[in-house]
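Please open the structure in your viewer and keep the selection panel at hand. The tour below goes from stop to stop, saying at each one what to select and what can be found there.

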Amino acid sequence: MSLISFGEALIDMLPAQTGHLFIPCAGGAPANVAVAYAAQGQTSYFVGGLAKDDMANLITQEMTKRGVNLDFCPRFSDANTSLVLVTLNDDGERSFRFYRIHGADTLFTADHWREALFSSARFFHCCSNTLTSENLFKATLRGIGLARKHNVLVSVDVNLRLNLWPENQLNALPERLDSVLRQAHIIKLEKQELSFILQQAGMNQQQWLNALWQQTQVKVVLLTDGGNPCFAYTPSQSISVTPPAVEVVDTTGAGDAFIGGFLAQLNQMNDTQRLAQWLTDERLEAALHYACTSGAKACTQKGAFDAMPMADSR
């Protein structure tokens, strides 16, 4: 069963070892997740707008050779490939500066979806970066709607990048994000992103989780915090796992490797209708261990695509 990962594929401009030069690497959180899932030997589709420039050719080559299917991506000849300048501190932690004006990823609309794609899918995955404009928000809701129509599990990684939001759209962020999270089955977020959500909602963590269990179909919330313990919360339990200690080179794509590994483990369950049972036995903790290991291994190599661990690399 396949993964549909929707959103932006762009170019990460990573700092070279010396000087002030940057190395172009294919990336973008949903593209990273598609690669991470394919690296587990699973069927993976990336869906998002692509340009027809040299940078888009690089993205296409890098994703295709890693087994990601791009057949459902619209191509825009008059658009640019979005870029992000990535800087790393001494601990390998990142900061970003985005260049997304008229980026091909921003031109995807609800009309670009092809419903046939959902007929054999297991997961639909997206992030908050497709909520930054009205058209992208509608396209995201359309994708989620098709997923739910076909009984496809919806995975949402908050992946909040406030500097991607135009000033005239920023006020819409809390409502758009809340509306998408409430339609998810699986939510993944970092500690700082949870703090943002709780502040906007005026709730503490337990109140927010209780609202999800009582008012939505969310089945599991995955909370990460770098090298600190990560948590999985379900309506009946919470468990924690400490990621393995590694020498951190670059944290780019670590969260994407985490959720890609988790979904690959979940995909081994043949019947999604038994998800509630899966989440209450030892398989959840095993999947969380696997996800944490995947995220940690992704930190040991520069760039995202090359760092995604394969299933037989453990």
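**First stop: an exposed residue**

Begin by selecting D54, which is found in helix 2, the helix of residues 54-64. As you look, keep in mind that this is a predicted model. D54 is exposed, with a relative accessible area of 65%. Add N80 to the selection: D54 and N80 are 26 residues apart in sequence, and their C-alpha atoms are 9.7 Å apart in space.

**Two buried strand residues**

Next select V84, which is found in strand 8, residues 83-88. Is V84 buried or exposed? With a relative accessible area of 1%, V84 counts as buried, because buried means under 20%. Leaving aside neighbours within four places in sequence, the residues in contact with V84 are L10, I11, D12, M13, F96, R97 and F98. One of these contacts can be followed by its backbone, as the C-alpha atoms of V84 and M13 are separated by 5.9 Å although the two residues are 71 apart along the chain.

Move from there to H125, which lies in strand 10, residues 121-127. H125 is buried, with a relative accessible area of 0%. If you display what surrounds H125, again leaving aside neighbours within four places in sequence, you will find contacts with L3, I4, S5, F6, V33, S155, V156, D157, I259 and L263.

**Two loop residues with positive phi**

Now select H102, in the loop between strand 9 (94-99) and strand 10. The phi angle of H102 is near 55°, a positive value in a residue other than glycine. H102 is partly exposed, with a relative accessible area of 37%.

Then go to N151, whose place is in the loop between helix 3 and strand 11 (153-157). For N151 phi is near 60°, which is again a positive value in a residue other than glycine. At 55% relative accessibility, N151 counts as exposed.

**The largest nonpolar core**

In soluble globular proteins, nonpolar side chains tend to be buried together. To see this here, select W113, F124, L189, W208 and V221, which touch the most other members of the largest nonpolar core, a set of 43 residues. Helix 3, residues 134-149, gives the most to this core, with 6 residues.

Which residues does V221 touch, not counting those up to four places away in sequence? Centre the view on V221 and you will find I187, L189, W208, L209, L212, W213, F231, A232 and Y233. Apart from this core lies another, of 27 residues, with L222, C230, I239 and F258 among them.

**Helix 6 and its surroundings**

Select helix 6, residues 205-215, in which W208, L209, A211, L212 and W213 are buried. What covers these buried residues includes helix 4 (173-181), strand 12 (186-190), helix 5 (191-201), strand 13 (220-225) and strand 14 (228-233). At the start of helix 6, look for N204, where a side-chain oxygen reaches to within 3.2 Å of the backbone nitrogen of Q206.

Stay in helix 6 and select Q205, a residue that is partly exposed, with a relative accessible area of 27%. Leaving aside neighbours within four places in sequence, Q205 is in contact with L194, L198, L223 and Y233. The side chains of Q205 and Y233 are joined by a polar contact of 3.0 Å. For a view along the backbone, add S195, which is 10 residues from Q205 along the chain, with 8.5 Å separating the two C-alpha atoms.

**Last stop: a helix crossing**

Finally, select helix 7 (residues 254-266) together with helix 9 (residues 282-298), whose axes come within 7 Å and cross at roughly 150°. This crossing of helix 7 and helix 9 is right-handed. On the helix 7 side, show A254, A257, F258, G261, F262 and Q265, which meet L284, A287, L288, Y290, A291, C292, S294, G295 and A298 in helix 9. Coloured by class, the contact of helix 7 with helix 9 has 11 nonpolar, 4 polar and no charged residues.

Terms used: Residues are numbered from 1 along each chain as its sequence is written. This is a predicted model: local features need pLDDT of at least 70, side-chain atom pairs count only at pLDDT 80 or more; totals for chains, interfaces and linings use all residues. Side-chain values use heavy atoms; hydrogens and water are left out. A nonpolar core is a set of buried Ala, Val, Leu, Ile, Met, Phe, Trp, Tyr and Cys residues joined through side-chain atoms within 4.5 Å. Buried means under 20% relative accessible area, exposed over 50%, partly exposed in between (1.4 Å probe, protein chains only). Helices (H or I, at least four residues) and strands (E, at least two) are DSSP runs, numbered from the N terminus. Contact means heavy atoms within 4.5 Å. A polar contact is a pair of N or O atoms within 3.5 Å; within protein, one must be able to donate a hydrogen and the other to accept it, and residues adjacent in sequence count only if both atoms are side-chain atoms. Axes are lines fitted to C-alpha atoms, for helices over the stretch in contact, and angles run from 0 to 180 degrees between N-to-C directions. A crossing is left-handed if the near helix is turned anticlockwise from the far one by less than a right angle, and right-handed if clockwise. Ala, Val, Leu, Ile, Met, Phe, Trp, Tyr, Cys and Pro count as nonpolar, Asp, Glu, Lys and Arg as charged, and the others, Gly among them, as polar.
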